[in-house]
Amino acid sequence: MTRTGFESLGAGGLDWESLPLRLWLKGNSMFWDAADIDLEQEAAGWATLAGEDLEAAATLSAMFLAGEEAVTHDIQPFMSAMAAEGRLGDEMYLAQFCFEEARHTEAFRRWFDSVGITADLNPLVDANAGYRAIFYEALPEALGALREDPSPANQIRASVTYNHIVEGVLALTGYHAWNTVCQERGILPGMQSIVRHIGQDERRHMAWGTYTCRRHVAADPGLWQVVEDTMGELLPQALEAIGFLQKYDRPLGLDVQDFVVYAGERATRRLGAISSAMGQDVAAVELDDVPVALEDELAGD
């Protein structure tokens, strides 16, 4: 392939009002460094956990770290898909997005190191059938399909899998649960800081995923069926991954069912935001604040 020109040199320059570039600018203004987080108190807090609480906490944290590594690997074809579509703003934002996923991986790995856990943790996630179905199979398959066919339908499948299942259902629900435990017990301030920073990043990621699905559904309402089918296929597996913690007797004092409900309710609201784009003008959807406003609302709940 040869290059025929540069979008950034074109008439009018870049559209700084587009949602991807607004997310890019917001991400730049909210930069944080994983190496700056104070982890000095983590080992003492970790030592207060014992028995099934300790095992559940290690399993939950391992799910976080493995998930962040997986999405760091798997997002790259989405950047290529945006390039194929000639969407430099989305490409720029996804470059930042990928960097942030790598930073999340660094943050959780530094945290494990701070509490002295250096053993092989793969068995903690291998045993979770729902987690395996999502992270070992569905995620790499959906994102990998974009390499050969970056069609709107495949972009929607990839976004629902990555943004709405992995991030919106699993990650943000898990971070909410774990942060609740840390706050109630007054332990692991470093973990609380990590989760707070990651949550801010993930909400911008979610907004981009909702936006991407909205613009495709606005252009072709028939693609809503792809959203429904993908969510219908993967949501039960995601809820199974969360429900895996029910093998413990109220792990960390949590009622796992409460968090299954929490995850399902947020998935429903994000799907509503996507479906509301059907019949709308695509140019208007490109500029509206629906995805960002929804994430701000969910963050405040």
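Student: How many helices and how many strands are there in the chain?

Tutor: Good place to start! Keep in mind that this is a predicted model. From the N terminus on, every element in the run is an α, written α-α-α-α-α-α-α-α-α-α-α-α-α. The count is therefore 13 helices and zero strands.

Student: What radius of gyration does the chain have, and how does that sit with a compact globule?

Tutor: Let's first picture the outline: the C-alpha atoms fill a box of roughly 60 × 40 × 35 Å along the principal axes. For 301 residues, a compact globule would have a radius of gyration near 19 Å. The chain agrees with that, because its own value is 19 Å.

Student: What percentage of the residues of the chain count as buried?

Tutor: A residue counts as buried when its relative accessible area is under 20%. Out of the 301 residues of the chain, the share that passes this test is 54%.

Student: Which helix gives the largest share of the largest nonpolar core?

Tutor: Here is a helpful background idea: in soluble globular proteins, nonpolar side chains tend to be buried together. In this model the largest nonpolar core has 91 residues, and Trp46, Phe78, Trp111, Trp178 and Trp208 have the most contacts inside it. The largest share of this core is 16 residues, and they come from helix H8 (residues 152–185).

Student: Which leucine in the loop between H8 and helix H9 is in contact with tryptophan 178?

Tutor: Leave aside the neighbours of tryptophan 178 within four places in sequence, and its contacts include Trp46, Phe64, Met191 and several leucines, among them Leu49, Leu60, Leu188 and Leu252. Now look for the one in the loop between H8 and helix H9 (189–219): that is leucine 188.

Student: Is leucine 188 buried or exposed?

Tutor: Leucine 188 has a noteworthy backbone angle too: its phi is near 55 degrees, a positive value in a residue other than glycine. Most residues other than glycine have a negative phi. As for its surroundings, the relative accessibility of leucine 188 is 0%, so leucine 188 counts as buried.

Student: What is the relative accessible area of glycine 86?

Tutor: You can find glycine 86 in the loop between helix H4 (76–84) and helix H5 (88–114). Glycine 86 is partly exposed, because its relative accessible area is 44%.

Student: What distance separates the C-alpha atoms of glycine 86 and glutamine 246?

Tutor: Along the chain, glycine 86 and glutamine 246 are 160 residues apart. In space, their C-alpha atoms are separated by 46 Å.

Technical notes
Residues are numbered from 1 along each chain as its sequence is written. This is a predicted model: local features need pLDDT of at least 70, side-chain atom pairs count only at pLDDT 80 or more; totals for chains, interfaces and linings use all residues. Side-chain values use heavy atoms; hydrogens and water are left out. A nonpolar core is a set of buried Ala, Val, Leu, Ile, Met, Phe, Trp, Tyr and Cys residues joined through side-chain atoms within 4.5 Å. Buried means under 20% relative accessible area, exposed over 50%, partly exposed in between (1.4 Å probe, protein chains only). Helices (H or I, at least four residues) and strands (E, at least two) are DSSP runs, numbered from the N terminus. Contact means heavy atoms within 4.5 Å. The radius of gyration is taken over C-alpha atoms; the globule rule is 2.2 Å times the number of residues to the power 0.38.
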